[in-house]
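New to this one? Take a look at the sequence and the model below, then read on for a short tour.

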Amino acid sequence: MPITAATTADLDELAGLFAAYLQFYEVDRPLPQVRRFLAERLARGDSALLLGRDPAGQAQGFVQLYPFIASLALRPAWLLSDLYVAPAALGEALMNAARAHAEASEPAACNWRRRRTIWRDRRCTSAWAMCATTCSIPTG
């Protein structure tokens with residue numbers, strides 16, 4: 001599954017996925033409010049939004065990373081804040097793509113085996129990493 005940086009052209013699809021993500025956590029927000037929030041993130045560049053698409057080009061999941069300073073690593077890093085995969089897209093392909101993307105960034109504090117265990121223990125149904133919301137990925 002290709003994973004690319006989201007742009008303003010992706011806002012409608014991204015907003016729909018983000019609204020579903022919020023609903024998973026029982027947080028209801030109007031779609032226009034969700035869209036404005038994401039548009040602001042993209043305009044300010046204060047987070048990185050990555051979008052995963054299926055072979056037909058439909059957006060099926062996203063991840064949102066926020067930059068921070070990792071004191072223990074003594075360098076900038078990324079915090080994996082939000083990750084969602086549409087139920088129809090569940091499967092190893094998207095999970096592996098998300099993992100490969102993170103590993104390509106040389107994760108400093110990300111224990112993927114532990115994350116998967118958390119997912120299985122909590123029996124999350126929307127995404128294996130949905131329950132794992134903290135993973136620092138060095139920026140370089």
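What follows is a walk from the whole chain down to a few single residues.

## The big picture

First, a word of care: this is a predicted model. The protein chain has four helices and five strands. If you read along the sequence, they come in the pattern β-α-α-β-β-β-α-α-β.

The protein chain is 140 residues long, and buried residues make up 42% of them. Now take the contacts between residues at least 6 apart in sequence: 57% of these join residues at least 24 apart.

## Helix 1

Let's start with helix 1, which spans residues 11–24. It has 14 residues and reaches 20 Å from its first C-alpha to its last, close to the 20 Å expected at 1.5 Å a residue.

The buried residues here are Leu11, Leu14, Ala15, Leu17, Phe18, Ala19, Tyr21 and Leu22. And what do the buried residues of helix 1 pack against? Their partners are helix 2, strand 2, strand 3 and strand 4, the last of these covering residues 75–85. Following helix 1 comes glutamate 26, with a positive phi near 60°.

## Helix 2 and its two sides

Helix 2 covers residues 31–44. With 14 residues, helix 2 reaches 20 Å between its first and last C-alpha, close to the 20 Å expected at 1.5 Å a residue.

Which residues of helix 2 are buried? They are Val34, Leu38 and Arg41. These three sit on the same side of helix 2, because they cover an arc of only 55° around the axis. The cover over them includes helix 1, strand 2 (48–53) and strand 3 (59–70). Turn to the face pointing away from that buried side and you'll find the exposed residues Pro32, Arg36, Ala43 and Arg44. Just after helix 2, glycine 45 takes a positive phi of about 65°.

## Where the two helices meet

Helix 1 and helix 2 cross at roughly 115°, and their axes come within 9 Å. The crossing is right-handed. On the helix 1 side, the contact is made by Leu11, Asp12, Leu14, Ala15, Gly16, Phe18, Ala19 and Leu22. Helix 2 brings Leu31, Val34, Arg35, Phe37, Leu38, Ala39 and Leu42. Two of the names from helix 2, Val34 and Leu38, also belong to its buried residues.

Leucine 42, in helix 2, is worth a stop of its own. Leaving aside neighbours within four places in sequence, leucine 42 is in contact with Ala6, Thr7, Thr8, Leu11 and Leu49. Take alanine 6: it is 36 residues away from leucine 42 in sequence, yet the two are 8.0 Å apart in space, C-alpha to C-alpha.

## Two buried polar residues in the strands

Next up is arginine 53, which has its place in strand 2. Is arginine 53 buried or exposed? Its relative accessible area is 17%, so it counts as buried, the cut-off being under 20%. What does the side chain of arginine 53 reach? It makes a polar contact with the side chain of aspartate 10, at 2.7 Å. The side chain of arginine 53 also reaches the backbone oxygen of glycine 57, at 2.7 Å.

Over in strand 3 lies glutamine 60. Glutamine 60 is buried too, with 13% relative accessibility. The side chain of glutamine 60 makes a polar contact of 3.2 Å with the side chain of aspartate 54.

## Tyrosine 66

Strand 3 also holds tyrosine 66. With a relative accessible area of 22%, tyrosine 66 is partly exposed, because buried means under 20% and exposed means over 50%.

Which residues does tyrosine 66 touch, leaving aside its neighbours within four places in sequence? From helix 2 there are Phe37 and Arg41. Asp46 and Ser47 are in contact with tyrosine 66 as well, and so are Ala77, Trp78, Leu79, Ser81 and Asp82. Aspartate 46 is 20 residues away along the chain, and its C-alpha is separated from that of tyrosine 66 by 6.8 Å. Within strand 3, a polar contact of 3.3 Å joins the side chains of tyrosine 66 and glutamine 64.

Technical notes. Residues are numbered from 1 along each chain as its sequence is written. This is a predicted model: local features need pLDDT of at least 70, side-chain atom pairs count only at pLDDT 80 or more; totals for chains, interfaces and linings use all residues. Side-chain values use heavy atoms; hydrogens and water are left out. The expected span of a helix is 1.5 Å times one less than its number of residues. Buried means under 20% relative accessible area, exposed over 50%, partly exposed in between (1.4 Å probe, protein chains only). The arc is that of the directions from the helix axis to the C-beta atoms. Contact means heavy atoms within 4.5 Å. A polar contact is a pair of N or O atoms within 3.5 Å; within protein, one must be able to donate a hydrogen and the other to accept it, and residues adjacent in sequence count only if both atoms are side-chain atoms. Axes are lines fitted to C-alpha atoms, for helices over the stretch in contact, and angles run from 0 to 180 degrees between N-to-C directions. A crossing is left-handed if the near helix is turned anticlockwise from the far one by less than a right angle, and right-handed if clockwise.
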